[in-house]
Amino acid sequence: TFVYINDEFVDESEGKVSYTDRGYNFGDGIYEYIRIYDGNAFTAKEHFERLFRSAKEIGLNLEDYTVKSLTELIEELAEKNNVKNGGVYIQVTRGVAPRNHPFPEASTKPVFSAFSKSYERPYDELENGIKAITVDDIRWLRCDIKSLNLLGNVLAKEKATQSDAGEAIMHRDGIVTEGSSSNVFAVKDSKIYTHPANNLILNGITRRVINEIANELNIPFVEEPFDVEFLKSADEVIVSSTSIEVMPVIQVDDTFISNGTVGKITKELQKSFNNYIESNIEK
Ligand code: PLP
């Protein structure tokens, strides 16, 4: 299995980074996770544009890369590893330098790494839905940056796992923000509600596709804050991400949504999402 690190493809046993890498010491870096469907990188342009935005927001220099070079890179990695369906994870850190909080010297090269993995889409859960719990959103105030600092997300997801739930839905003082690794939607009276794409959430690429699909289906897409009570009284609840796509949530804490079944709008969105995937496969 190949990984890509510091400008070359190497065997994974050689994929090593320094103990003073700023990603390792400070979580000082950014990442993306891109889906591969049938050998094609899905919505790669959107993912890499978001990566460049994250880089800009934290003052990380990515001038050695372009959206095109990164897209070619991940497709090559997937091909080398024979990944037909799966994903590619990439991260960029502010580089290797003696441990000291301020930015290192300008000549410090960012450390870029990528690995791929193969797996099938989560068909069973997409059909039957998952359970979610609600937890306090204890994260910082720049959740729009896809940063390597994921401790708040990790602690939330661990709570979900301990409760036999597939996702933790976070809220700030009762206002639902997003999932530990997903965006959250409540469907009520045939409208889709989701938190506005501001500093409190990651503007998910899947969220943007859902927005586009909803517009095509003439389903109102309302970007307004709502609280946990509204979520639990919703007709349907959905979480979305690159890996879980349009995922139905049939239970939030002890409350069953739509009597524990997958709702009509969720199914419509899933169908359109499948078509969207199909239309983006080249070969
Ligand atoms: N929100 C958070 C905190 C995430 O970690 C993710 C994805 O990992 C998302 C939302 C969904 O983003 P995307 O649809 O781009 O995968």
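**Pockets, cavities and helix packing**

User: What volume does the second largest pocket have?

Analyst: This is a predicted model in which local features need pLDDT of at least 70 and side-chain atom pairs count only at pLDDT 80 or more, while totals for chains, interfaces and linings use all residues. Residues are numbered from 1 along each chain as its sequence is written, and side-chain values use heavy atoms, with hydrogens and water left out. A pocket, found on a 1 Å grid over the protein atoms alone with a 1.4 Å probe, is an open set of points with protein on both sides within 12 Å along at least five of seven lines. With volume taken as the space filled by probe spheres set on the points, the second largest pocket comes to about 280 Å³.

User: Which element gives the most to the lining of the second largest pocket?

Analyst: This pocket is lined by 18 residues (an atom within 4 Å of a point), and the closest to its centre are Ile-5, Gly-15, Val-17, Gln-91 and Ser-113. At least two lining residues each come from β1 (2–5), α1 (22–26), β5 (86–93) and β6, these being DSSP runs, helices H or I of at least four residues and strands E of at least two, numbered from the N terminus. With four residues, the element that gives the most is β6.

User: Which element supplies the largest share of the lining of the largest pocket?

Analyst: The largest pocket holds about 970 Å³ of space, and its 44 lining residues include Tyr-31, Lys-146, Leu-150, Ser-180 and Ser-181, which lie nearest the centre. Among the elements that each supply at least two lining residues are β3 (29–37), α2 (44–57), α5 (151–162) and α6 (205–216). With five residues, the largest share comes from α5.

User: How many residues of each class, nonpolar, polar and charged, does the lining of the largest cavity have?

Analyst: A cavity is a set of points where the probe fits but cannot get out, and the whole structure has two of 30 Å³ or more. The largest cavity, of about 40 Å³, is lined by Phe-42, Thr-43, His-47, Ile-205, Thr-206, Thr-242 and Phe-273. Counting Ala, Val, Leu, Ile, Met, Phe, Trp, Tyr, Cys and Pro as nonpolar, Asp, Glu, Lys and Arg as charged, and the others, Gly among them, as polar, the division is three nonpolar, four polar and no charged.

User: Which residues line the second largest cavity?

Analyst: The second largest cavity has a volume of about 30 Å³. By class, its lining has five nonpolar, two polar and no charged residues. The lining residues are Tyr-37, Asn-40, Ala-41, Phe-42, Ile-277, Asn-280 and Ile-281.

User: How many nonpolar, polar and charged residues are in the contact of α2 with α3?

Analyst: α2 and α3 (residues 67–80) pack at about 120 degrees with their axes 9 Å apart, and they are therefore oblique to each other, outside the ranges of under 35 degrees (roughly parallel), over 145 (roughly antiparallel) and 65 to 115 (roughly perpendicular). The contact (heavy atoms within 4.5 Å) involves Ala-44, Lys-45, Phe-48, Glu-49, Leu-51 and Phe-52 of α2 and Val-67, Leu-70, Thr-71 and Ile-74 of α3. These residues divide into seven nonpolar, one polar and two charged.

User: How are α6 and α8 placed to each other, oblique or roughly perpendicular?

Analyst: The axes of α6 and α8 (residues 264–279) come within 10 Å and cross at roughly 110 degrees, where axes are lines fitted to C-alpha atoms over the stretch in contact and angles run from 0 to 180 degrees between N-to-C directions. α6 and α8 are therefore roughly perpendicular.
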